[in-house]
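Work through the following exercises with the sequence and the model open side by side. Each one sets a task and then solves it step by step.

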Amino acid sequence: MLMKEYRICMPLTVEEYRIGQLYMISKHSCEESDGGDGVEVVRNEQDTHPLHGVGQVTEKRIYLTSKLPTWIKTFVPQIFYVTETAWNFYPYTVTEYSVSFLPKFSVRIETRFENNNGCNNNVFGDAPTPADSVSFLDILSDPIPEKHYKNSEDLSLWRSDKTSRGPLERGWRDGHEPIMCSYKRVWCSFEVFGFQSRTEGFVHKNIRDVLLVAHRQAVAWLDEWHGLSLEEVRKYEKAMQETTNSKVKCSQNNSATN
């Protein structure tokens with residue numbers, strides 16, 4: 001099992017990101033749903049945790065067959081999806097990924113959000129993550145896959161009209177106000193001889209890319225969601241989920257008839 005901790009800072013507050021996270025995930029999922037791949041929301045309902053209180057549990061099916069490398073496609077079905085189950089007890093969340101026909105594959109992401117620049121070395125309260133397993137991801141300067149680059153999401157060019165924040169400049173994490181950090185502790189396990197290291201490395205590379213793109217988008221889209229109430233963003237979330245589900249089902253029906 002390969003474990004890494006990712007720390008991603010944003011020029012936001014934890015309270016602001018409560019809304020921004022919901023908005024970003026809904027819009028990002030809809031944008032990524034096309035050509036047979038995408039995100040289908042199976043359930044999204046209130047849940048209560050004995051320690052963390054009232055939150056939300058969401059179950060999704062993530063279809064990504066066309067995004068897989070050839071060496072993985074050799075042992076997965078033609079229509080392939082990953083089940084994502086997420087428990088959101090903001091500012092603490094847990095997300096788990098599983099594949100029904102690959103019982104030895106699992107990914108678990110534990111997240112905590114704090115108003116700092118990533119300086120808390122024991123944010124989860126059990127034991128500090130070894131330094132060589134910690135990666136700081138910079139939403140300004142770290143490279144992302146070329147297909148995901150958009151000028152409108154380039155934070156060196158971005159400026160928020162509503163908050164007068166931006167553009168970000170080199171070294172911004174050292175003195176920007178406000179600033180928050182998304183701490184993500186990621187475990188990946190694929191206990192299949194001959195494929196374990198390669199698969200776990202592939203998964204972590206893709207998680208890194210997704211984290212960079214998604215957190216860049218949350219900031220770049222700030223003027224779209226800033227000022228929304230929780231009720232308003234939940235309405236937006238529901239509408240986008242219906243649109244996303246329709247796109248996925250339509251693509252699957254087209255594939256089945258071809």
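A contact here means that heavy atoms lie within 4.5 Å of each other. With that cut-off, residues 24 or more positions apart account for 70% of the contacts in the protein chain that have a separation of 6 or more. The model is a predicted one, and every value below is computed from it.

**Exercise 1. Describe the overall make-up of the protein chain, from its secondary structure to its surface.**

Solution. Begin by counting elements: the protein chain has five helices and eight strands. Next, read them along the sequence, which gives the pattern β-α-β-β-α-β-β-β-β-β-α-α-α. Then turn to burial, where 49% of the 258 residues count as buried. Finally, consider the surface: the protein chain exposes about 13300 Å², and carbon and sulfur atoms supply 50% of that area.

**Exercise 2. Work out the strand order of the sheet and identify its edge strands.**

Solution. Trace the strands across the sheet, and the order S2-S3-S4-S5-S6-S8-S1-S7 appears, an open sheet of eight strands with mixed pairing. The edges are then strand S2 (38–49) and strand S7 (134–137), each of which pairs on one side only. Direction ignored, neighbouring strands of this sheet are turned by 15° against each other on average. As a last step, look at what packs on the sheet: helix H1 (residues 14–31) does so, touching strand S1 (2–10), S2, S3, strand S4 (81–89), strand S6 (105–114) and strand S8 (180–190). The direction of H1 makes about 145° with that of S6.

**Exercise 3. Establish how S2 is joined to strand S3, and name bridge partners.**

Solution. Recall that strands of a sheet pair through backbone hydrogen bonds, either parallel or antiparallel. In this case S2 and strand S3 (residues 53–63) run antiparallel and are joined by 11 bridges. Two of the residue pairs can be followed by eye: Gly-38 has Tyr-63 in S3 as its bridge partner, while Glu-45 has Val-57 in S3. The connection between the two strands completes the picture, since S2 and S3 form a hairpin with three residues between them. Tyr-63 in strand S3 also has its C-alpha atom 4.7 Å from that of Asp-37, although the two residues are 26 residues apart along the chain.

**Exercise 4. Compare two of the aromatic pairs by geometry, burial and place in the chain.**

Solution. The structure holds five aromatic pairs. Take Tyr-17 and Phe-113 to begin with: their centres are 5.4 Å apart and their planes make 70°, an edge-to-face arrangement. Because Tyr-17 lies in helix H1 and Phe-113 in strand S6, this pair ties together parts that are 96 residues apart in sequence. Both partners are buried, Tyr-17 with a relative accessible area of 2% and Phe-113 at 4% relative accessibility.

Now take Tyr-63 and Tyr-81, whose centres are 5.3 Å apart with 55° between the planes, so that the pair is tilted. Tyr-63 lies in strand S3 and Tyr-81 in strand S4, so the pair ties together parts that are 18 residues apart in sequence. With buried meaning under 20% relative accessible area, Tyr-63 is buried at 7%, whereas Tyr-81 is partly exposed at 28%.

To finish, extend the view around the edge-to-face pair, where Tyr-17, Tyr-90 and Phe-113 form one aromatic cluster. A further ring to inspect is that of Trp-221, over which the charged end of Lys-27 sits, 4.2 Å from the ring centre.

**Exercise 5. Locate Leu-212 and list what it touches outside its own stretch of sequence.**

Solution. Leu-212 is found in helix H3 (residues 196–220). Its relative accessibility is 0%, so Leu-212 counts as buried. Setting aside residues up to four places away in sequence, Leu-212 touches Leu-137, Asp-138, Ile-139, Asp-142, Pro-143 and Ile-144. For Ile-144, the separation from Leu-212 is 68 residues in sequence, while the C-alpha atoms of the two residues are 7.0 Å apart in space.

How values were computed
Residues numbered from 1 in each chain as written. Predicted model: local features only at pLDDT ≥ 70, side-chain atom pairs only at ≥ 80, totals over all residues. Heavy atoms only, no water. Pairing = 2+ DSSP bridges. Helix = DSSP H or I, 4+ residues; strand = E, 2+ residues; numbered from the N terminus. Axes fitted to C-alpha atoms, helices over the stretch in contact; angles between N-to-C directions. Phe/Tyr/Trp six-rings, centres within 6.5 Å; stacked < 30°, edge-to-face > 60°. Buried < 20%, exposed > 50% of the residue type's maximum accessible area, 1.4 Å probe, protein only. Lys NZ or Arg CZ within 6 Å of the ring centre and 35° of its normal. Areas by Shrake-Rupley, 256 points an atom, 1.4 Å probe, with all protein chains shown as cover.
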